[in-house]
Amino acid sequence: MTIAPFRPGVGAPPVQTLPPGRWHGRIWVSEEPLTRPQRYLSCVAEFERSGLWPVLIPPDQRFTARGEDWLDDRGRLAPAGHRVDNADPAEVLARWWDGSCCDGACLRPFGTRFPGLAKRSHRRSDPLAEAGNTGSILAARTPHRLGLVQADRPADVPALIGWTGMIKATDQVAELSAVLRSWEDRFGATLVTLGFDSIELSVSAPPRTHARALTVAAEHRAFSLPTYLAQPGNLREYATSLVQSRRWRFSWA
């Protein structure tokens, strides 16, 4: 199967020949898992020409065991790509910040108020190249289907398709994409994997010191409290795991 570019006025030839697949709303997905993980890297390399950002769709036994596919058998939100520009990531994360704490110590060195956004990291590698390599590695380790979404940037994918993965926490998917945009700009954090209620990002410029990672950890906690609570320890210990970490995974399960 061949998918041509969608952008009006773009006269480039079709992207590479792809395995059989079909559209699920606004996302095209291969019928079977990738047998050649390098296809993901190739799709990333063609993104600027094709306008199609590739995401890996991981297997999910919660659905396959019942012969279901969450792409078809679970609802979607209305596409909200046009609202991403209106959301301020700092305001979004401040609103999502949960200031409650069991003993008052788990939020140290911060408190009940969101500490604000972390500073931009120095970029050492190309975010798209990092994403392509990371995606290829993930696809080689575990079978994933390939998804393609017409997007100006990877961060917009959840809003564009009306993704519901974070619905237990919020239905404002445009705000989620606004935060992902900010992480793209500051840390080269690029969407690679999109599951039913989880995402994974490739990070080309992670925080390099514990002090920098602390504020990033606060952002993660605001973004996905279930992910934070699933980790052992407090905010300082969570920050330690983010130093030089090139993959960020979030779940709202």
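**View 1. Surroundings of Arg186 in helix H8 of the predicted model.** At 7% relative accessibility, Arg186 counts as buried, and this residue of the predicted model belongs to helix H8, which covers residues 173–187. Within that helix, the side chain of Arg186 makes a polar contact with the side chain of Ser182, at 2.9 Å. When residues up to four places away in sequence are set aside, Arg186 touches Leu117, Ala118, Arg120, Ser121 and Glu219.

**View 2. The salt bridge between Asp69 and Arg145.** A search of the whole structure finds 15 salt bridges, and one of the pairs that meet in this way is formed by the side chains of Asp69 and Arg145, with an N to O distance of 2.8 Å. Asp69 lies in the loop between helix H3 (61–64) and helix H4 (70–73), whereas Arg145 lies in strand S4 (residues 145–150), so the pair ties together parts that are 76 residues apart in sequence. Asp69 is buried, with a relative accessible area of 15%, and Arg145 is buried as well, with a relative accessible area of 17%. Elsewhere, Asp60, Arg62 and Asp197 are joined into one network by salt bridges that share partners.

**View 3. Two further salt bridges, Glu46 with Arg49 and Arg74 with Glu68.** Side chains of opposite charge can pair when their charged atoms come close. The side chains of Glu46 and Arg49 meet in a salt bridge at 2.7 Å, N to O; Glu46 counts as buried at 17% relative accessibility, while Arg49 is partly exposed, with a relative accessible area of 30%. In the other pair, the side chains of Arg74 and Glu68 meet at an N to O distance of 3.6 Å, which satisfies the salt-bridge cut-off because that limit is 4 Å. Arg74 counts as partly exposed at 30% relative accessibility, and Glu68 likewise counts as partly exposed, at 27%.

**View 4. Strand S3 and its pairing with strand S4.** Six of the six residues of strand S3 (residues 52–57) are buried, so this strand is largely enclosed by the rest of the structure. In a regular strand the side chains alternate between the two faces of the sheet. Both faces of S3 are covered, with Leu52, Pro54 and Leu56 buried on one side and Trp53, Val55 and Ile57 buried on the other. S3 and S4 run antiparallel and are joined by six bridges, and the bridge partner of Ile57 in S4 is Arg145, the residue whose side chain meets that of Asp69 in a salt bridge.

**View 5. Helix H6, its N-terminal cap and its covering elements.** Helix H6 (residues 127–141) has 15 residues and reaches 21 Å from its first C-alpha to its last, close to the 21 Å expected at 1.5 Å a residue. Asp126 caps the N-terminal end of this helix, with a side-chain oxygen 3.2 Å from the backbone nitrogen of Leu128. The buried residues of H6 are Pro127, Glu130, Ala131, Gly132, Thr134, Gly135, Ser136, Leu138 and Ala139. What covers these buried residues includes helix H1 (38–45), S3, strand S5 (189–194), strand S6 (198–203) and strand S7 (247–251).

**View 6. The largest nonpolar core and the contacts of Trp248.** In soluble globular proteins, nonpolar side chains tend to be buried together. The largest nonpolar core of this model has 73 residues, and those with the most contacts inside it are Trp163, Trp183, Ile199, Leu201, Phe223 and Trp248. H8 gives the most to this core, with eight residues. Leaving aside neighbours within four places in sequence, Trp248 is in contact with Trp183, Phe187, Ala189, Ile199, Glu200, Leu201, Val203, Pro207, Val216, His220 and Leu242.

**View 7. Ser245 in the loop between helix H11 and strand S7.** Ser245 is found in the loop that runs between helix H11 (235–242) and S7, where this residue is buried, with a relative accessible area of 17%. A polar atom of the Ser245 side chain lies 3.1 Å from the backbone oxygen of Arg247. Beyond residues up to four places away in sequence, Ser245 touches Val203 and Pro206.

**View 8. Gln172 in the loop between helices H7 and H8.** Gln172 is found in the loop between helix H7 (157–161) and H8, and this residue is partly exposed, with a relative accessible area of 30%. Not counting residues up to four places away in sequence, Gln172 touches Arg83 and Met166. Gln172 and Gly111 are 61 residues apart in sequence, and their C-alpha atoms are 25 Å apart in space.

Notes: Residues are numbered from 1 along each chain as its sequence is written. This is a predicted model: local features need pLDDT of at least 70, side-chain atom pairs count only at pLDDT 80 or more; totals for chains, interfaces and linings use all residues. Side-chain values use heavy atoms; hydrogens and water are left out. Buried means under 20% relative accessible area, exposed over 50%, partly exposed in between (1.4 Å probe, protein chains only). Helices (H or I, at least four residues) and strands (E, at least two) are DSSP runs, numbered from the N terminus. A polar contact is a pair of N or O atoms within 3.5 Å; within protein, one must be able to donate a hydrogen and the other to accept it, and residues adjacent in sequence count only if both atoms are side-chain atoms. Contact means heavy atoms within 4.5 Å. Two strands pair if DSSP finds at least two bridges between them. The expected span of a helix is 1.5 Å times one less than its number of residues. A nonpolar core is a set of buried Ala, Val, Leu, Ile, Met, Phe, Trp, Tyr and Cys residues joined through side-chain atoms within 4.5 Å.
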